[in-house]
Amino acid sequence: MIPIPTGVRVWLATGYTDMRCGFPSLALRVQEVLKHDPLGGHLFCFRGKRGDLIKVVWHDGQGACLFTKKLERGRFIW
């Protein structure tokens, strides 16, 4: 389990994102499109085109984290 502090917001990027992107590209998208600081401690979630893959960008205060979750069945819907 990830110890997420209280008050952390979860931001969902609408539409779909190219899942070949790594942390630098996704962090740049957070800065330029969402107008937020990717190192601010909030969770930023990006969904792939097929909907079966998400990537989450989070900075825990010590370093940047990039989490990936791929569903074997079903899709992430938002």
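Accessible areas here come from the Shrake-Rupley method with a 1.4 Å probe. On that basis the chain exposes about 5500 Å², and carbon and sulfur atoms supply 55% of it. The model is predicted.

**Figure 1. The whole chain holds one helix and four strands.** Along the sequence, the elements follow the pattern β-α-β-β-β. The radius of gyration is 12 Å, close to the 12 Å that the globule rule gives for 78 residues, so the chain is as compact as a globular protein of that length. The C-alpha trace spans about 35 × 30 × 20 Å along its principal axes. Of the 78 residues, 33% are buried. Among contacts with a separation of 6 or more, 48% join residues 24 or more positions apart. The chain carries 12 positive and 6 negative charges, and the mean positions of the two sets are 8 Å apart.

**Figure 2. Phenylalanine 46 sits in strand S2, residues 43-47.** Its relative accessible area is 0%, so phenylalanine 46 is buried. Setting aside residues up to four places away in sequence, phenylalanine 46 touches Ala13, Thr17, Met19, Leu26, Arg29, Val30, Leu53, Ile54, Lys55, Val57 and Trp78. Phenylalanine 23 is 23 residues away from phenylalanine 46 in sequence. In space, the two C-alpha atoms are 11 Å apart.

**Figure 3. Threonine 17 lies in the loop between strand S1 (10-12) and helix H1 (23-32).** Although in a loop, threonine 17 counts as buried, at 4% relative accessibility. Which residues does threonine 17 contact, leaving aside neighbours within four places in sequence? They are Leu26, Arg29, Phe46, Arg47, Gly48 and Lys49. Phe46 from this list is the residue of Figure 2, and the contact with Thr17 appears there too.

**Figure 4. Lysine 35 is in the loop between H1 and S2.** Its phi is near 60 degrees. That is a positive value in a residue other than glycine. Lysine 35 is exposed, with a relative accessible area of 64%. Threonine 17, in the loop between S1 and H1, is buried.

**Figure 5. Valine 56 belongs to strand S3, residues 53-59.** At 14% relative accessibility, valine 56 counts as buried. Its contacts, apart from neighbours within four places in sequence, are Leu43, Phe44, Cys45, Cys65, Leu66 and Phe67. Two cysteines are therefore among the contacts of valine 56, Cys45 and Cys65, each with heavy atoms within 4.5 Å of it. Leucine 71 is 15 residues from valine 56 along the chain. The C-alpha atoms of this pair are separated by 14 Å.

**Figure 6. The cysteines form zero disulfides.** A disulfide needs a pair of cysteine sulfur atoms within 2.5 Å. Why is cysteine 21 not bonded to cysteine 45? The sulfur of cysteine 21 is 15 Å from that of cysteine 45, its closest cysteine sulfur, which is too far for a bond. For cysteine 65, the closest cysteine sulfur is also in cysteine 45, at 13 Å, again too far. Cysteine 21 is buried, with a relative accessible area of 14%. Cysteine 65 counts as buried as well, at 17% relative accessibility. Both values fall under the 20% cut-off for buried residues.

Methods:
Residues numbered from 1 in each chain as written. Predicted model: local features only at pLDDT ≥ 70, side-chain atom pairs only at ≥ 80, totals over all residues. Heavy atoms only, no water. Helix = DSSP H or I, 4+ residues; strand = E, 2+ residues; numbered from the N terminus. Rg over C-alpha atoms; globule rule 2.2 N^0.38 Å. Buried < 20%, exposed > 50% of the residue type's maximum accessible area, 1.4 Å probe, protein only. Lys, Arg positive; Asp, Glu negative; His and termini not counted. Charge placed at Lys NZ, Arg CZ, Asp CG, Glu CD.
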